[in-house]
Amino acid sequence: MLNITHHGGAKGVTGSCHQLTLDSEHSLLIDCGLFQGEDATEDAFQQLQIEFDISTVKALVITHVHIDHVGRLPYLLAAGFKGPIICSIPSAKLLPLVIEDALKIGFTRNAQFIERFQQQLESQIISVPYGKWHAVVEGNITTRVKLKRAGHILGSSYVEVAHQHPNGEKERVIFSGDLGAPYAPLLPAPKSPYGCEQLVLESTYGDRNHPDRRQRRATLKHAIEQALTNGGTVMVPAFSIGRTQELLYELEGIIYDAGRNAKRGLPKSQWQALEIIVDSPLAARFTQVYRQLKPYWDNEAQRRLRSGRHPLNFDNLYTVESHEAHEQTVAYLANTGRPAVVIAASGMCAGGRIMNYLKAMLGDERHQVLFVGYQGAGTPGRAIQQYGPRGGWVEIDGQRFDIKAGVTSISGYSAHADQKGLLNFVKRMRRWPHTIHLVHGEQTARSALKRELEAMYARKGRGVKVVNGE
Ligand SMILES: [Zn+2]
């Protein structure tokens, strides 16, 4: 049985990096992500170092371009990794943008260095179409990898590894990466693979189920209606990539439908006055790439396109680029009563432009914070989510801010499968794995999912080894 070592992402939600040892001279790396929030230790710099031996690593496979899956890539290259970086075609387009941003924030602002680095990165990227086998090791052993759609963000994949041992014995290992939820906007839902011996399964929402799409869309619409009535701003902390585009897609739909059914709700003119502001040059660039990658959108999105709508590029949508424009926008929205939705990073309120909005508007009850993504333990986002609804406060940059603004959370836009979705991923395989390694989840989520998986196997009269955070 092939051995799997976790260099992050086994005990917490961030820092995903898994090594599959093929033999004494060959191994594969799946993802190379950054630690964030509570998962980042005091000695954060040490976590950035690549502390394991990379001499046997023949290839790095990237499941998707979120920073907690690719953020340590600059350090891996700095440590001398020269092998192929295998990813899907959309990921290959998105990855250089993510890495450029990560370099600017964490590494250097030296433009020449960044350019040289990007050239090296692009020379190592090998993009492979979904569903096609790609050989990574051939000889005494043979190992191939295949990417399948994971429905989490554009380009996201789960990875099937087909390995043949020297004695001819075959083994299949699957890395789920982050799995999307069914009925997510824009992306087709993931389909389960045929089967495998070992599965490395994410467990972010291993202990809960999401409300259905209609319900979360109603919650989103209600939050905006309140903003329209109060003359307030809905602040949405969101990852620049994935969630921002999903939200824009959903907002376009809500505004479109509200315009058509104006008799039953607020007048059409009020909806038309609503500004949707993406305050992030990075998110704006991602949105552009998303627009270029329309062939990877799902059927519903294709239908909207065919009917002449522009789900990611509509009339009320504004982008804020420069820092000066950002500061003006914060002041403008805090002082005037213009209803608006602002989408800005970071998704967990741990830095980024969203912080200035929070500082300016948390103390005013006209405004609202709308969480659409997972808030990691130890992040300001988690504190606002927990204490905000009870009129609490949060500490930002060493200063105390009272929370009078409304706080709403919608878990359905998490872009992660819920407990049912994770169980279905296994259940719908024809050949169930005998070993499941749970990763990418907090202890309570992993434990709950382990219990459910064991019960599911027991109902079929079968056993399973569920490895929980080791
Ligand atoms: Zn992700």
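**Exercise 1. Find the strands that helix α5 covers in this predicted model, and describe the sheet they belong to.**

Step 1. Begin with the helix: α5 spans residues 111-124 and lies across β5 and β6, running at about 40 degrees to β6.

Step 2. Place these strands in their sheet, which is an open sheet of six strands in the order β1-β2-β3-β4-β5-β6, with mixed pairing. Its edge strands are β1 (3-6) and β6 (125-128), each of which pairs on one side only. Neighbouring strands in this sheet are turned against each other by 25 degrees on average, if direction is ignored.

Step 3. Look at one pairing in detail: strand β4 (residues 57-61) runs parallel to strand β5 (residues 85-88), and two bridges join them. Within this pair, Leu60 stands opposite Ile85 of β5.

**Exercise 2. Trace how β9, β10 and β11 are connected by pairing, and state the sense of each pairing.**

Step 1. Strand β9 (residues 157-164) pairs with strand β10 (residues 170-175) over six bridges in the antiparallel sense, and His163 is found opposite Glu171 in β10.

Step 2. Turn to the link between these two strands, which form a hairpin with five residues between them. In the turn, Gly168 has a positive phi of about 90 degrees.

Step 3. Now follow β10 to its other partner, strand β11 (residues 198-202), with which β10 pairs in the parallel sense over three bridges. Here Val173 stands opposite Gln198 in β11.

**Exercise 3. Describe the sheet that contains β12 and β16, and locate the helices α11 and α13 on it.**

Step 1. Write down the order of this open sheet of six strands, which is β14-β13-β15-β12-β16-β19, with parallel pairing. The edges are formed by β14 (317-319) and β19 (406-409), each pairing on one side only, and neighbouring strands are turned by 20 degrees against each other on average, direction ignored.

Step 2. Examine β12 (residues 233-237) and β16 (residues 368-371), which run parallel and are joined by two bridges; Met235 stands opposite Val369 in β16.

Step 3. Add the helices: α11 (residues 323-335) lies across β12, β13 (275-278) and β15 (340-344), and runs at about 150 degrees to β13. Helix α13 (residues 380-387) lies across β16 and β19, at about 115 degrees to β16.

**Exercise 4. Decide how α6 and α7 are oriented towards each other, and say what kinds of residues make their contact.**

Step 1. The axes of α6 (residues 213-230) and α7 (residues 243-260) come within 11 Å and cross at roughly 75 degrees. Because angles of 65 to 115 degrees count as roughly perpendicular, α6 is roughly perpendicular to α7.

Step 2. List the contact residues: α6 contributes Arg213, Arg217, Leu220, Lys221 and Ile224, while α7 contributes Leu247, Tyr249, Glu250, Leu251, Gly253, Ile254 and Asp257.

Step 3. Sort them by kind, which gives six nonpolar, one polar and five charged residues.

**Exercise 5. Describe the two domains of the chain and the area buried between them.**

Step 1. Set the bounds: domain 1 comprises 3-208 + 415-468, and domain 2 comprises 213-413. Their C-alpha centres lie 29 Å apart.

Step 2. Consider the contact, in which 29 residues of domain 1 meet 30 residues of domain 2. About 2,800 Å² is buried between the domains, with carbon and sulfur atoms giving 67% of this area.

Step 3. Identify the main contributors from domain 1: Leu154, Pro185 and Leu186 supply 27% of the area that domain 1 buries against domain 2, more than any other three residues.

Technical notes:
Residues are numbered from 1 along each chain as its sequence is written. This is a predicted model: local features need pLDDT of at least 70, side-chain atom pairs count only at pLDDT 80 or more; totals for chains, interfaces and linings use all residues. Side-chain values use heavy atoms; hydrogens and water are left out. Two strands pair if DSSP finds at least two bridges between them. Helices (H or I, at least four residues) and strands (E, at least two) are DSSP runs, numbered from the N terminus. Axes are lines fitted to C-alpha atoms, for helices over the stretch in contact, and angles run from 0 to 180 degrees between N-to-C directions. Contact means heavy atoms within 4.5 Å. Angles under 35 degrees count as roughly parallel, over 145 as roughly antiparallel, 65 to 115 as roughly perpendicular and the rest as oblique. Ala, Val, Leu, Ile, Met, Phe, Trp, Tyr, Cys and Pro count as nonpolar, Asp, Glu, Lys and Arg as charged, and the others, Gly among them, as polar. Domain bounds come from an automatic or database domain assignment. Buried area is the accessible area (1.4 Å probe) that two parts lose on being put together, summed over both.
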